Amino acid sequence: MKKDIHFTKLAPFREMFRQGIPVICYHKVGRKPLRTKLRGIYVTRNFFRQQMRELQQGGFRTVTLDECAMTTTPPDDGKKVVLTFDDGSVTALKNAGPIMAGAGFTAINYLVADLMGGFNAWDVVHGEVPDRLMDEAQVRDWMAAGHEIGAHTRTHPRLSKISHAQAREEIFGSKKILEDRFGIPIHHFCYPYGDLSPSVRDLVAEAGYATAVTTQWGVHEPGGDPFLIPRLGARAYSFNFRNVFRRLLGRPLE
Ligand SMILES: [Zn+2]
């Protein structure tokens, strides 16, 4: 994420959340496997619970991406938030699900259409620990709990690095697979790795999605491009020297 400032605690973000709607990005909720190379994409259950509790006590309510994209004025109360999960990890359902239910929150999970019920093959080829992805029945459980699903391509490629025809198939194909499988319209898309180009963005619009989220840092301001929605990565802060000083100065931690 640009600036590399993650969503850890609410206080430093209060003012920013009045400029636009924050879209928070999670991947996996639970204990990090010892061998993982992607430590940043795990948050523990306790940390997730703390964040949900803080949002809840702060009077926040979760809104859908449709509502987020349709908002035309700055959210004067600064108390709307969108919760997103990338990749369809089972941990979102099993670990984050009950915590969100307790807080009265809902989220969207972006599924890799060809890999439901499988593993994070795009990471495993680089030596990453396998992480189980929700199968069809688990996706139905996810939706039955009031959550949404979106598309995250068919195989999780870097869309700007493959041919236009392949990118088209990843973007259009994942929408169709999920719509056929679950019998609902799929309106929301997430670029793998936040990787995109102007032509990739245009393909997403052409495919009939209503929104697409990126890994650009920021909040979704009124009038912002619905196909380039920024997000804030959620991460437990690390106690390095820089963060200790930032904390003393009341600035967002890195
Ligand atoms: Zn992903």
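Me: Are α2 and α4 roughly parallel or roughly antiparallel to each other?
Reply: This is a predicted model; local features need pLDDT of at least 70, side-chain atom pairs pLDDT 80 or more, and totals for chains, interfaces and linings use all residues. Residues are numbered from 1 along each chain as its sequence is written. Helix α2 (residues 45-57) packs on α4 at about 20°, with axes 10 Å apart (lines fitted to C-alpha atoms over the stretch in contact; angles run from 0 to 180 degrees between N-to-C directions). Angles under 35 degrees count as roughly parallel, so α2 and α4 are roughly parallel.

Me: Which residues of α4 make the contact with α2?
Reply: Contact means C-beta atoms, placed from the backbone, within 7 Å. From α2 come R45, F48, R49, M52, R53 and Q56. From α4 come N95, A96, I99, M100 and A103.

Me: Which helix gives the largest share of the largest nonpolar core?
Reply: That core (buried Ala, Val, Leu, Ile, Met, Phe, Trp, Tyr and Cys joined through C-beta atoms within 7 Å; buried means 20 or more other C-beta atoms within 10 Å) has 60 residues. I24, Y26, V82, L111, V204 and A212 touch the most other members. Five residues, the largest share, come from residues 90-103, helix α4.

Me: What does V204 contact, leaving aside neighbours within four places in sequence?
Reply: V204 is among the core residues that touch the most other members. Its contacts beyond those neighbours are I171, F189, Y209, A212 and F227.

Me: What percentage of the protein chain is buried?
Reply: The chain has 254 residues. Its C-alpha atoms fill a box of roughly 50 × 45 × 35 Å along the principal axes. The buried share is 39%.

Conventions. A residue is buried if 20 or more other C-beta atoms lie within 10 Å of its own, exposed if 12 or fewer, and partly exposed in between; C-beta atoms are placed from the backbone. Helices (H or I, at least four residues) and strands (E, at least two) are DSSP runs, numbered from the N terminus. Two residues are in contact if their C-beta atoms, placed from the backbone, lie within 7 Å. Angles under 35 degrees count as roughly parallel, over 145 as roughly antiparallel, 65 to 115 as roughly perpendicular and the rest as oblique.
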